[in-house]
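Let's take a walk through this structure together, one piece at a time. Keep the viewer open and follow along as the text moves from place to place.

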Amino acid sequence: HSILHSNRAFAYINLRKWVEAEDDCSKALGVNPKNTKATYRRAMARYELGKFEGAKQDVEQVLKDLPDPSSNKEATELKEKIAKELEKQAPRERNVGERFRRMEIVEADDDEEEVSLTGAATGTSSSS
């Protein structure tokens with residue numbers, strides 16, 4: 001079953017159906033957590049979906065599981081692409097607070113509200 005899901009995920013990747021590819025890879029890994037191809041394919045799908053942290057974890061797992069990580073050029077290149085995307089994302093996350101202004105919410109006392117309502121009612125009844 002693991003190979004079936006992994007192979008179908010590869011077909012989804014070729015069709016650029018990233019959500020379906022990620023889902024099938026996760027199913028394959030549920031059956032066989034050591035399926036390196038499924039892990040790599042899920043990393044690819046997650047990268048395309050903008051899920052860079054998950055993609056990074058997957059590709060690092062692939063490189064860790066390989067006897068000679070430098071022999072897998074594709075995984076190494078994917079890791080570099082993910083790292084670049086995470087670097088682009090990092091400054092935006094740091095500046096999130098700069099885009100918002102601090103605002104103080106002050107609640108009015110119940111007495112103030114009654115006075116203004118009574119005053120408004122009094123003012124309208126005298127003009128009638």
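**A helix and its neighbours**

Start in α4, where the buried residues are Phe-52, Gly-54, Ala-55, Asp-58, Val-59, Val-62 and Leu-63. Please keep in mind that you are looking at a predicted model. Helix α4 itself covers residues 52-65, which makes 14 residues. From its first C-alpha to its last the helix reaches 20 Å, close to the 20 Å expected at 1.5 Å a residue.

Two residues of this helix are worth selecting. Take Val-62, which has its place in helix α4. Its relative accessible area is 1%, and buried means under 20%, so Val-62 counts as buried. What is Val-62 in contact with, leaving aside its neighbours within four places in sequence? The partners are Thr-36, Thr-39, Tyr-40 and Ala-75. You can also pick Lys-37, which is 25 residues away from Val-62 in sequence, while the two are 8.1 Å apart in space, C-alpha to C-alpha.

Now turn to Glu-53, which also lies in helix α4. Its relative accessibility is 47%, and partly exposed covers the range between under 20% and over 50%, so Glu-53 counts as partly exposed. Ten residues along the chain from Glu-53 is Ala-43, and 9.5 Å separates the C-alpha atoms of the two.

Let's step back to the whole chain. How many helices and strands does the chain have? There are six helices and zero strands, and reading along the sequence gives the pattern α-α-α-α-α-α. The chain holds 128 residues, of which 27% count as buried. Among contacts in the chain with a separation of 6 or more, 46% come from residues 24 or more positions apart.

Next come the helix pairs. Two packed helices are described by the angle between their axes and the distance between the axes. For α1 and α2, the axes come within 8 Å and cross at roughly 165°. Angles over 145 degrees count as roughly antiparallel, and α1 and α2 are therefore roughly antiparallel to each other. The crossing in which α1 passes α2 is left-handed. Sorted by class, this contact of α1 with α2 has eight nonpolar, three polar and four charged residues. On the α1 side, the residues that meet α2 are Ser-2, His-5, Ser-6, Arg-8, Ala-9, Tyr-12 and Ile-13. Their counterparts in α2 are Trp-18, Glu-20, Ala-21, Asp-24, Cys-25, Lys-27, Ala-28 and Val-31.

Between these two helices there is a loop, and Arg-16 lies in it. Have a look at its backbone: phi of Arg-16 is near 60°, a positive value in a residue other than glycine. Is Arg-16 buried or exposed? With a relative accessible area of 59%, Arg-16 is exposed.

Helix α1 (residues 2-14) also pairs with helix α3 (residues 36-49), where the axes come within 10 Å and cross at roughly 25°. Angles under 35 degrees count as roughly parallel, and α1 and α3 are therefore roughly parallel to each other. The crossing of α1 and α3 is left-handed. Here Ser-6, Asn-7, Phe-10 and Ile-13 in α1 meet Lys-37, Ala-38, Arg-41 and Met-44 in α3. The residues of this contact divide into four nonpolar, two polar and two charged. Ser-6 and Ile-13 are thus worth a second look, as they appear in the α1 contact with α2 and in the one with α3.

How values were computed. Residues numbered from 1 in each chain as written. Predicted model: local features only at pLDDT ≥ 70, side-chain atom pairs only at ≥ 80, totals over all residues. Heavy atoms only, no water. Helix = DSSP H or I, 4+ residues; strand = E, 2+ residues; numbered from the N terminus. Expected span 1.5 Å × (residues − 1). Buried < 20%, exposed > 50% of the residue type's maximum accessible area, 1.4 Å probe, protein only. Axes fitted to C-alpha atoms, helices over the stretch in contact; angles between N-to-C directions. Parallel < 35°, antiparallel > 145°, perpendicular 65-115°, else oblique. Left-handed = near helix turned anticlockwise from the far one by under 90°. Contact = heavy atoms within 4.5 Å. Nonpolar A, V, L, I, M, F, W, Y, C, P; charged D, E, K, R; others polar.
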